[in-house]
Amino acid sequence: MQQLDDRLAEQVAVGDRAALAQLVDRHHAQIYRHACRIVRDAPLAEDIAQDVFVKLCSGAARFDAERGALLPWLLRITTNAALDAKRALKPVSDLSEANELADQRPDPHATAESNAVHAVIAQLPPRQRAAIALFYLEGFSMTEVADTLGTNSKAIEGLLSRGKTALQAALNPDAQKGYAA
Amino acid sequence: MTNNNDDTEFTHKLANSWTVPEISTDAKSRLLNAALPSPSPLKGEGTTPSPSPFKGEGRAEGKSEGKHNPKTHPKNNNARWYIASSALAAGLALMVFISSTKPVQNPSTPTEMAQLSDDELLNYVFATTTLEENN
């Protein structure tokens with residue numbers, strides 16, 4: 001699996017379009033989902049995923065397989081690109097707020113649990129969303145999350161702990177009611 | 001161990017609940033074109049000049065790769081007809097313009113003068129008067 005990625009990355013470095021198509025097939029969906037979880041805006045997440053692969057094409061020669069697998073490397077690029085995109089959107093806050101509000105509307109087809117999770121996620125800052133997605137959904141270690149976000153493990157531990165508490169309340173509302181009673 | 005189980009259950013629930021919108025269907029193709037653009041959008045297209053003098057002619061339906069002779073291609077005949085008819089129309093327009101600005105008539109007898117229209121007579125009188133004054 002990892003060897004195939006490494007070989008494909010080498011081929012992409014010399015401009016092999018077929019190899020890039022294979023890498024896109026293998027990882028595009030995951031990269032898009034990760035970007036979407038941070039920015040909470042599907043078209044923007046698609047643009048970010050596209051940028052990640054453009055960066056892969058221009059920087060594939062710099063990828064060192066001995067330092068780690070390709071997918072975590074791509075997810076790190078995605079995280080930084082998504083956080084940069086959120087920062088860049090700050091000046092036009094009306095637009096980003098409109099998108100956030102659109103995302104907060106309950107999806108009639110989603111479960112109550114899913115809507116509750118989205119409501120909690122919407123309240124979290126993008127860095128905390130990124131930390132939670134990387135640690136719980138992408139399988140990064142605490143140190144790797146800290147490296148990706150340019151902070152230390154202690155700070156990440158705090159971010160994750162607070163995020164998890166809030167999300168658990170959304171995922172298990174009955175349990176919370178029980179504790180409260 | 002309890003923490004690990006707790007984390008696993010939390011992760012599982014979170015993954016199921018933290019859904020994202022579906023990716024658009026053409027996202028992959030757009031991505032490939034942006035990341036590594038192919039030399040031409042269609043295979044063989046655009047690598048040779050179009051045989052027609054009009055941009056875009058002869059490319060329809062991806063037939064530019066075919067073995068057809070550009071000199072006898074029906075689209076080229078259409079182009080020639082278009083050029084010829086345009087030239088003809090321009091010539092006719094020029095003739096009409098020239099005839100409408102014909103020079104002042106110079107009648108030599110009273111009968112010829114009587115045949116002139118009011119405008120032609122006025123032009124004749126004006127031209128004659130100006131010439132005489134100049135002389």
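Here are a few exercises with worked solutions on how chain A and chain B meet in this predicted model.

**Exercise 1. Work out how much area is buried between chain A and chain B, and which residues take part.**

Step 1: start with the residue lists. Chain A puts 34 residues into the contact, and chain B puts in 26 residues.

Step 2: move on to area. The size of an interface is often quoted as the accessible area lost when the parts come together. For chain A and chain B that comes to about 2900 Å².

Step 3: split it by atom type. Carbon and sulfur atoms give 67% of that buried area.

**Exercise 2. Find the salt bridges and polar contacts across the interface, then say which elements of chain A touch chain B.**

Step 1: run the salt-bridge rule. It turns up 2 salt bridges between chain A and chain B. One of them can be named: the side chains of Asp25(A) and Lys28(B), at 3.1 Å from N to O. The cut-off is 4 Å, so this pair passes.

Step 2: run the polar-contact rule. This gives 10 residue pairs across the interface, with both residues at pLDDT 80 or more.

Step 3: map the chain A side onto its helices. Those giving two or more residues to the side that touches chain B are α2 (17–39), α3 (42–59), α6 (112–123), α7 (126–137) and α9 (153–171). The largest share is from α2(A), with 10 residues.

Step 4: sort that side of chain A by class. You get 18 nonpolar, 7 polar and 9 charged residues.

**Exercise 3. Decide whether Lys164(A) is buried or exposed, and list what it touches.**

Step 1: place the residue. Lys164(A) sits in helix α9 of chain A.

Step 2: check its relative accessible area, which is 12%. Buried means under 20%, so Lys164(A) counts as buried.

Step 3: look at the neighbours, skipping residues up to four places away in sequence. Lys164(A) touches Tyr136(A) from its own chain, plus Asp6(B), Asp7(B) and Phe10(B) from chain B.

**Exercise 4. Describe chain B: its helices and strands, its buried share and its exposed area.**

Step 1: count the elements. Chain B has 5 helices and 0 strands, so the pattern along the sequence reads α-α-α-α-α.

Step 2: check burial. Of its 135 residues, 16% count as buried.

Step 3: look at contact range. Take the contacts in chain B between residues at least 6 apart in sequence: 11% of them join residues at least 24 apart.

Step 4: finish with the surface. Chain B exposes about 10800 Å², and carbon and sulfur atoms supply 59% of that.

Methods. Residues numbered from 1 in each chain as written. Chains lettered and ligands numbered in written order. Predicted model: local features only at pLDDT ≥ 70, side-chain atom pairs only at ≥ 80, totals over all residues. Heavy atoms only, no water. Contact = heavy atoms within 4.5 Å. Buried area = accessible area lost by both parts, 1.4 Å probe. Polar contact = N/O pair within 3.5 Å; in protein donor to acceptor, adjacent residues only side chain to side chain. Helix = DSSP H or I, 4+ residues; strand = E, 2+ residues; numbered from the N terminus. Nonpolar A, V, L, I, M, F, W, Y, C, P; charged D, E, K, R; others polar. Buried < 20%, exposed > 50% of the residue type's maximum accessible area, 1.4 Å probe, protein only. Areas by Shrake-Rupley, 256 points an atom, 1.4 Å probe, with all protein chains shown as cover.
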